[in-house]
Amino acid sequence: MKVTRRSWIGMTLSLATTPTLLSAKPRSGYSLVEIEKRLHSGKGIEGMMKDELPTPALLVDLDLLESNIQKMSQHSKASSIQLRPHAKTHKCPEIARRQVQAGGLGVCTSTIHEAEVMAAAGIRDLLITSELVGKNKTERLLRLTSKQPGTMSVVDHATHAEQLNEAAAAAKLTLNVLIDIDPIGRRTGILPGDDALGLAEKIMKLPHLKLRGVHAYSGASSHVPGFEARQEHSHRVMQAPLESFFRMQKAGMPVEIMSGGSTGTYNIDPALKGMTELQTGSYVFMDVDYRRVGGKSGAVYEDFAPSLSVLATVISKNHPDRATVDAGFKAFATDRKFGPEIKGVTGVDYQFNGDEHGALIFSNVSREIRLGDRLEFIVPHCDPNVNLYDRFFCVRGDKVMAVWPVAGRGYS
Ligand SMILES: Cc1ncc(COP(=O)(O)O)c(C=O)c1O
């Protein structure tokens with residue numbers, strides 16, 4: 001039918017006067033701008049439902065998040081080891097606050113920016129686990145320490161220690177440092193043994209640095225497939241950093257912190273004599289990567305539940321054996337060899353199919369996938385996936401309960 005101006009006016013008038021259409025509450029398809037406006041106006045998101053959110057969207061299932069935090073907290077208490085969870089995973093003060101309320105000593109951060117965001121939100125006793133080298137980062141560390149004297153950072157080189165000491169002297173401050181010892185990864189960290197002891201002796205002579213302990217993170221252990229193999233790996237590579245820690249103690253140095261561990265070794269490292277705290281991160285969210293390494297009790301690592309997901313919509317379904325969703329390279333982290341997995345559906349493989357597209361390839365799909373379906377995906381790798389989004393939509397069942405900014409997003 002050809003729509004003329006007159007017939008269009010007639011159509012809109014008839015729609016406007018049709019009582020059934022007027023009385024039906026329209027389902028709101030919110031845009032991100034509208035959601036932001038509601039939040040800024042103080043109107044909040046009360047009454048908003050998950051199926052009204054734009055996709056792709058980053059979701060946090062609050063029930064699962066809370067149970068993961070509780071489980072890790074109970075584990076640390078039962079294993080007599082402290083917890084300073086790593087906030088690089090979530091970059092979100094609301095989650096850090098819950099981790100501290102559950103007994104965390106504070107949180108770790110990877111970047112000075114994450115630390116600044118956490119400090120501004122009132123999170124204390126931060127441990128920054130990457131070396132802060134250069135004028136920009138050193139000055140920001142000093143500013144942070146002047147506000148929160150409990151802040152700690154890591155050092156793996158005598159020159160870096162001297163630079164920090166000099167800057168701290170000029171600012172009339174003392175910086176708390178841990179010696180970063182490399183268990184095996186060749187990422188950061190001084191070699192264990194005489195090298196680490198030499199650095200410790202050097203730091204002891206620098207009046208504006210306070211040596212608090214040792215940081216030794218074995219990322220190489222965290223994703224070793226199979227519980228026993230992971231245990232063997234972690235116990236083997238952590239021996240040398242632990243011995244260095246004991247040597248520092250024997251030499252009378254005031255080292256009281258031995259920090260390391262990951263979600264993959266949370267139930268392995270407490271058995272290492274000398275470890276004082278764990279810096280587990282991914283357990284709050286989980287991801288495909290961790291699920292694939294296997295747990296103590298089976299082929300899938302399910303100690304913690306996948307509380308993080310990306311909500312996506314099936315936007316094309318023209319073939320019996322495949323469909324397309326609106327979530328591609330821009331929606332998921334791409335640093336792993338595999339893509340995301342749909343929650344609650346088996347027999348379907350996700351393949352990246354462009355910036356905004358993902359292909360679902362059916363082999364023996366456990367339920368029909370229809371055009372317009374909204375599917376939740378467990379992300380391949382949680383940390384970089386979170387960094388792609390500005391906000392978490394926090395849900396309980398079908399309801400959106402809160403919107404939390406990924407406040408420490410970005411890098412520098
Ligand atoms: C230094 C450091 N500590 C702790 C963690 C937390 O590890 P996970 O997320 O595997 O628990 C990471 C993660 O990359 C890390 O880089």
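## A walk through the sheet, helix H9 and the ligand shell

Start by selecting Gly-260 and Leu-278: Gly-260 sits opposite Leu-278 of strand E9. Keep in mind as you click around that this is a predicted model.

Stay with these two strands for a moment. E8 covers residues 257–260 and E9 covers residues 277–278; the two run parallel and are joined by 2 bridges. Now pick Ser-259, which has Glu-277 of E9 opposite it. On the E7 side, select His-215, and you'll find Ser-259 of E8 standing opposite. E7 and E8 pair in the parallel sense too, over 3 bridges.

Is E8 covered on one face or on both? Colour its residues by face: Ile-257 and Ser-259 lie on one side, Met-258 and Gly-260 lie on the other, and all are buried, so both faces are covered.

Next, zoom out to the whole sheet. It is open, has 8 strands with parallel pairing, and reads E2-E9-E8-E7-E6-E5-E4-E3 across. Which strands stand at the edges? Select E2 (82–83) and E3 (108–109): each has a single partner strand, so one side of each lacks a neighbour in the sheet.

Now bring up helix H9, residues 194–204, and show Ala-196, Leu-199, Ala-200 and Ile-203, the buried residues of this helix. Look down the axis and you'll see why they belong together: they span an arc of only 100°, which places them on the same side of H9. As a reminder, an α-helix makes a turn every 3.6 residues, so residues three or four places apart point the same way. Flip to the face turned away from the buried side, where the exposed residues Asp-194 and Gly-198 sit.

What do the buried residues of H9 pack against? Switch on strands E5 (152–155), E6 (175–180) and E7 (209–215), plus helices H8 (158–170) and H11 (227–250); the buried residues of H9 pack against these elements.

Move on to the ligand. There are 14 residues around it, and those that come nearest are Tyr-217, Ser-262, Thr-263, Gly-281 and Ser-282. Colour the shell by class and you get 12 polar residues, 1 nonpolar and 1 charged.

Last stop: Gly-29, in the loop between helix H2 (19–23) and helix H3 (32–40). Buried or exposed? Gly-29 is exposed, because just 10 other C-beta atoms lie within 10 Å, and 12 or fewer counts as exposed. To finish, draw a distance from the C-alpha atom of Gly-29 to that of Val-100: 36 Å separates them, with the two residues 71 apart along the chain.

Terms used:
Residues numbered from 1 in each chain as written. Predicted model: local features only at pLDDT ≥ 70, side-chain atom pairs only at ≥ 80, totals over all residues. Near = placed C-beta within 6 Å. Nonpolar A, V, L, I, M, F, W, Y, C, P; charged D, E, K, R; others polar. Buried ≥ 20, exposed ≤ 12 C-beta atoms within 10 Å, placed from the backbone. Helix = DSSP H or I, 4+ residues; strand = E, 2+ residues; numbered from the N terminus. Arc of directions from axis to C-beta. Contact = placed C-beta atoms within 7 Å. Pairing = 2+ DSSP bridges.
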